[in-house]
Amino acid sequence: MSEPLRVLVTGAAGQIAYSLVIAVARGEVFGTNQPLDLLLLDIKPMEGVLNGVVMELQDCALPLLNSVTPTCDEPVAFKDIDVACLVGSMPRREGMERKDLLAANVKIFKTQGNSLHQYAKKTVKVVVVGNPANTNAMIRSKYAPSIPKENFSCLTRLDQNRAQSQIASRVGVKVADVRNVIIWGNHSSTQFPDISQAQVKVQDKLKDVRSAVQDDSWLNNEFISTVQKRGAAVIAARKLSSAMSAAKAICDHLRDWWFGTESGTFTSMGVISDGSYGIEAGLVYSFPVEIAADRTYKIVQGINIDNFAREKMDATKNELIEERDLAISVCED
């Protein structure tokens, strides 16, 4: 076995983390031969719940779990970490404007960016989950200048998984038979789920999604809005936000980053734009990416963007520009 991997989960007393930490500790992300040191960070009022999570992890008797450290102290949590799952954020409360939520969370993520800069390994891989995830990832990168920008990402794999599930259900195949759905843009209701490159295996033959679904009206309307609004639909049904599915998506995101994407396939990640597809450089925007075995990714190039796609890609870009400008103004206050 190799040296233990130091993995941080923030918001560790919350419901997403409750599903996430057990999957990570069982080897579902970094492999069944990789020992782990788990660092679990949450705020002081959640310390009792956090200690309960630790007790449960201990009681699971997990062979890969070398150590587990609960803490409310950022220097302890971020010290020499290899991977950061930044799940925790202030939830939106009734009557709270979106800009107020953004302002509250940006201040949190500014301090966490500083902690990454000061304490984490410079090779750390960061996935931001707490909303607004794209802009929060951008702020963390801004305040962690010693860590390469390509080491920062935000979660849009949940949106990809939702899209693939909708298509699989419509065609009547397994989710594993759907590949190369793209999520462009922001992890918000402006995101664009794009099936232009997607394929479905039907009776052992690959078909493009439009040919398999045979319903352009559904693909151009209901499919897109269902994926965009799925999070709100879950909240309406559960009275709680997505947790189990979010944790699964974090695992998928990190596993692909750690081991690479399969040949002929790509995945969606929110990454810092290099200007590809007319998206302003520096924005954290969801692109299709291919990931190599050395954990480096590249944005998939050469995808034809028609007028329908361009309009939707620009709408979500414009929302991200607005978020970025507000976030920077808050940080500079």
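Positions that come from UniProt are given here in the numbering used for this structure, and such annotations may be inferred rather than shown by experiment. With that in mind, the UniProt record, an unreviewed entry, places the feature "domain: Lactate/malate dehydrogenase C-terminal" at residues 156-324. The model itself is predicted, and every value below was computed from it. Within the span 156-324, helix accounts for 45% and strand for 20%, while the C-alpha atoms at its two ends lie 18 Å apart.

A good place to begin is the interior. The largest nonpolar core has 78 residues, and those with the most contacts inside it are Phe30, Leu38, Leu40, Leu57, Cys85, Trp184 and Ile250. Helix H10, which covers residues 244-259, gives the most to this core, with eight residues. The core also draws at least three residues from each of domain 1 (5-154) and domain 2 (156-324). To see what such packing looks like around one side chain, consider Leu38: leaving aside residues up to four places away in sequence, Leu38 touches Val7, Val21, Val24, Ala25, Leu57, Leu65, Ser67, Val68 and Thr69. Another core, of 31 residues, lies apart from the one just described, and among its members are Phe78, Ala84, Val106 and Met138.

Helix H10 deserves a separate look. From its first C-alpha to its last, this helix of 16 residues reaches 23 Å, which is close to the 22 Å expected at 1.5 Å a residue. Its buried residues are Ala246, Ala247, Ala249, Ile250, Cys251, Asp252, His253, Leu254, Asp256, Trp257 and Trp258, and a reader may notice that Asp252, His253 and Asp256 are included in that list. After H10 comes Gly260, whose phi is positive, near 95°.

The aromatic rings offer another way through the structure, with a count of six aromatic pairs. In one of them, the ring centres of Phe192 and Phe308 are 6.1 Å apart and the planes meet at 75°, and because an angle over 60 degrees counts as edge-to-face, the pair is given that name. Since Phe192 belongs to strand E9 (residues 192-194) and Phe308 to helix H11 (residues 307-332), the pair ties together parts that are 116 residues apart in sequence. The two partners can also be described by their accessibility: Phe192, at 3% relative accessibility, counts as buried, whereas Phe308, at 33%, counts as partly exposed.

Tyr285 and Phe287 form a tilted pair, with 5.1 Å from centre to centre and 45° between the planes. Tyr285 counts as buried at 0% relative accessibility, and Phe287 is likewise buried, with a relative accessible area of 0%. Together with Trp184 and Tyr277, these two residues form one aromatic cluster.

Finally, the backbone has some details to point out. Most residues other than glycine have a negative phi, and most peptide bonds are trans. Tyr277, although not a glycine, has a positive phi of about 55°; this residue sits in the loop between strand E12 (267-272) and strand E13 (284-291), and at 13% relative accessibility Tyr277 counts as buried. Ala61 also has a positive phi, near 50°, and is found in the loop between helix H2 (47-59) and strand E3 (65-71), but Ala61 is exposed, with a relative accessible area of 61%. As for the peptide bonds, the one from Asn131 to Pro132 is cis, with omega near -5°, and Pro132 has its place in the loop between strand E5 (125-128) and helix H5 (133-142).

Conventions. Residues numbered from 1 in each chain as written. Predicted model: local features only at pLDDT ≥ 70, side-chain atom pairs only at ≥ 80, totals over all residues. Heavy atoms only, no water. Core = buried A, V, L, I, M, F, W, Y, C linked by side-chain atoms within 4.5 Å. Buried < 20%, exposed > 50% of the residue type's maximum accessible area, 1.4 Å probe, protein only. Helix = DSSP H or I, 4+ residues; strand = E, 2+ residues; numbered from the N terminus. Domains from an automatic or database assignment. Contact = heavy atoms within 4.5 Å. Expected span 1.5 Å × (residues − 1). Phe/Tyr/Trp six-rings, centres within 6.5 Å; stacked < 30°, edge-to-face > 60°.
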